[in-house]
Amino acid sequence: NSHVIPGLIHKAYLAKQKGATSLTIAGTGTPLRQFIYSRDLARLMIWAVREYNESDPIILSVDEEAEVSIKDVAEAIVKAIN
């Protein structure tokens, strides 16, 4: 029960500590997710407050084309942890 990336980092860290040679995650790994770095979101919010003058609402989110699979995230974490 955690956020995706910190949960996967923790799981990979524990697996490495135990000397595991693989990481098993629940599910297929195919669901897509959008991630945004908090500092990038903060910058986007400041830009919107200062520069966005439209009456239409603005969605502060990652583009759908930037979605990544849980499997890709897990593989990147495993690679980073070595």
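This report describes the fold, the surface patches and a few single residues of a predicted model.

The model is predicted, and local features need pLDDT of at least 70, side-chain atom pairs count only at pLDDT 80 or more, and totals for chains, interfaces and linings use all residues. Residues are numbered from 1 along each chain as its sequence is written, and side-chain values use heavy atoms, with hydrogens and water left out.

**Overall form**

The protein has 3 helices and 2 strands, where helices (H or I, at least four residues) and strands (E, at least two) are DSSP runs numbered from the N terminus. Read from the N terminus, these elements follow the order α-β-α-β-α. The radius of gyration of the protein is 17 Å, well over the 12 Å that the globule rule gives for 82 residues, so the protein is more spread out than a compact globule; the radius is taken over C-alpha atoms, and the rule is 2.2 Å times the number of residues to the power 0.38. The C-alpha trace spans about 55 × 25 × 20 Å along its principal axes. Of the 82 residues in the protein, 13% are buried, a class that means under 20% relative accessible area, with exposed over 50% and partly exposed in between (1.4 Å probe, protein chains only).

**Surface patches**

On the surface, D63, E64, E65 and E67 gather in a patch of negative charge, whereas M45, W47, I58 and L60 make a nonpolar surface patch of about 350 Å². Patches are made of residues with over 30% relative accessible area and no salt bridge, like charges being joined within 9 Å and nonpolar side chains (Val, Leu, Ile, Met, Phe, Trp, Tyr) within 5 Å. A salt bridge here is a side-chain nitrogen of Lys or Arg within 4 Å of a carboxyl oxygen of Asp or Glu.

**Single residues**

The table sets out place and accessibility for some residues.

| Residue | Place | Relative accessible area |
|---|---|---|
| L32 | strand β1 (residues 32–33) | 45%, partly exposed |
| W47 | helix α2 | 40%, partly exposed |
| E67 | loop between α2 (38–51) and β2 (68–69) | 30%, partly exposed |
| N82 | segment after α3 (70–81) | 77%, exposed |

L32 and K71 are 39 residues apart along the chain, and their C-alpha atoms are separated by 9.1 Å. N82, a residue other than glycine, has a positive phi near 75 degrees. Most residues other than glycine have a negative phi.

Conventions. Areas by Shrake-Rupley, 256 points an atom, 1.4 Å probe, with all protein chains shown as cover. Lys, Arg positive; Asp, Glu negative; His and termini not counted. Charge placed at Lys NZ, Arg CZ, Asp CG, Glu CD.
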